[in-house]
Amino acid sequence: AMTSPFTVYNTTTTNQIAGITHSSLSGDDKTQQQQRQQHIVVNHACGFCKEVYVDLITELRRRGIHCPISCSDSINHGESTHNIANPFFEKMGEDTLCVVAHLCSSFHFPQGQMIGIGHSMGGAGLALAEIQRPGSFKC
């Protein structure tokens, strides 16, 4: 049986948020310690899901980026809560902050050191999170 390089996580705000993390630490202890000092959070655009970034993760690994990379499904997308009556744009920042808090806790990672990457709606979620809690992201 083939094992997945991804770890699945679920976290809850007012919504159930499903996500995956790919952790590919390599090298000696010092190199792995440096890799743990970064964590990339990737948010997808409206109509997509977290798996759209699997090829990006593969390419980043090929280029030598080995820090943990996490992607989550926004609500009404993929494996997260589906509720058409739920105005997910209003909750994107809160949901993103919940994911970041979960990842920081799970990886023993300091708040404010995450690197956020988002396309369209995903970028808006990252921006809203930073507005709601300044200093949530390194960049």
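**Figure 1. Salt bridges in the predicted model.** In this predicted model, the count of salt bridges comes to five. Side chains of opposite charge can pair when their charged atoms come close. Three of the pairs, each involving Lys-50, are shown in the views that follow.

**Figure 2. Lys-50 and Glu-51.** A salt bridge joins Lys-50 to Glu-51, with 3.0 Å between the closest N and O atoms. Lys-50 has a relative accessibility of 1% and counts as buried because the cut-off for that class is under 20%. Glu-51 has a relative accessible area of 36%, so this residue is partly exposed.

**Figure 3. Lys-50 and Asp-73.** Lys-50 also forms a salt bridge with Asp-73, and here the closest N and O atoms are 2.7 Å apart. This pair links distant parts of the chain, with the two positions 23 residues apart in numbering. Lys-50 sits in the loop between β3 (39-43) and α2, whereas Asp-73 sits in the loop between β4 (69-72) and α3 (88-107). Asp-73 is buried, its relative accessible area being 1%.

**Figure 4. Lys-50 and Glu-79.** The side chain of Glu-79 meets that of Lys-50 in a salt bridge, at 2.6 Å from N to O. Glu-79 belongs to the loop between β4 and α3 and Lys-50 to the loop between β3 and α2, so the pair ties together parts that are 29 residues apart in sequence. Glu-79 counts as exposed, at 55% relative accessibility.

**Figure 5. The network around Lys-50.** Lys-50, Glu-51, Asp-73 and Glu-79 are joined into one network by salt bridges that share partners. Within this network, Lys-50 is buried, Glu-51 is partly exposed, Asp-73 is buried and Glu-79 is exposed.

**Figure 6. Arg-61, a buried residue without a salt bridge.** Arg-61 is part of helix α2, which covers residues 54-62. This residue is buried yet forms no salt bridge. The nearest side chain of opposite charge is that of Glu-59, 11 Å away; a salt bridge requires the N and O atoms to be within 4 Å. What does the side chain of Arg-61 reach at 2.8 Å? At that distance lies the backbone oxygen of Ile-65.

Methods: Residues are numbered from 1 along each chain as its sequence is written. This is a predicted model: local features need pLDDT of at least 70, side-chain atom pairs count only at pLDDT 80 or more; totals for chains, interfaces and linings use all residues. Side-chain values use heavy atoms; hydrogens and water are left out. Helices (H or I, at least four residues) and strands (E, at least two) are DSSP runs, numbered from the N terminus. Buried means under 20% relative accessible area, exposed over 50%, partly exposed in between (1.4 Å probe, protein chains only). Lys and Arg count as positive and Asp and Glu as negative; His and the chain ends are not counted. A polar contact is a pair of N or O atoms within 3.5 Å; within protein, one must be able to donate a hydrogen and the other to accept it, and residues adjacent in sequence count only if both atoms are side-chain atoms.
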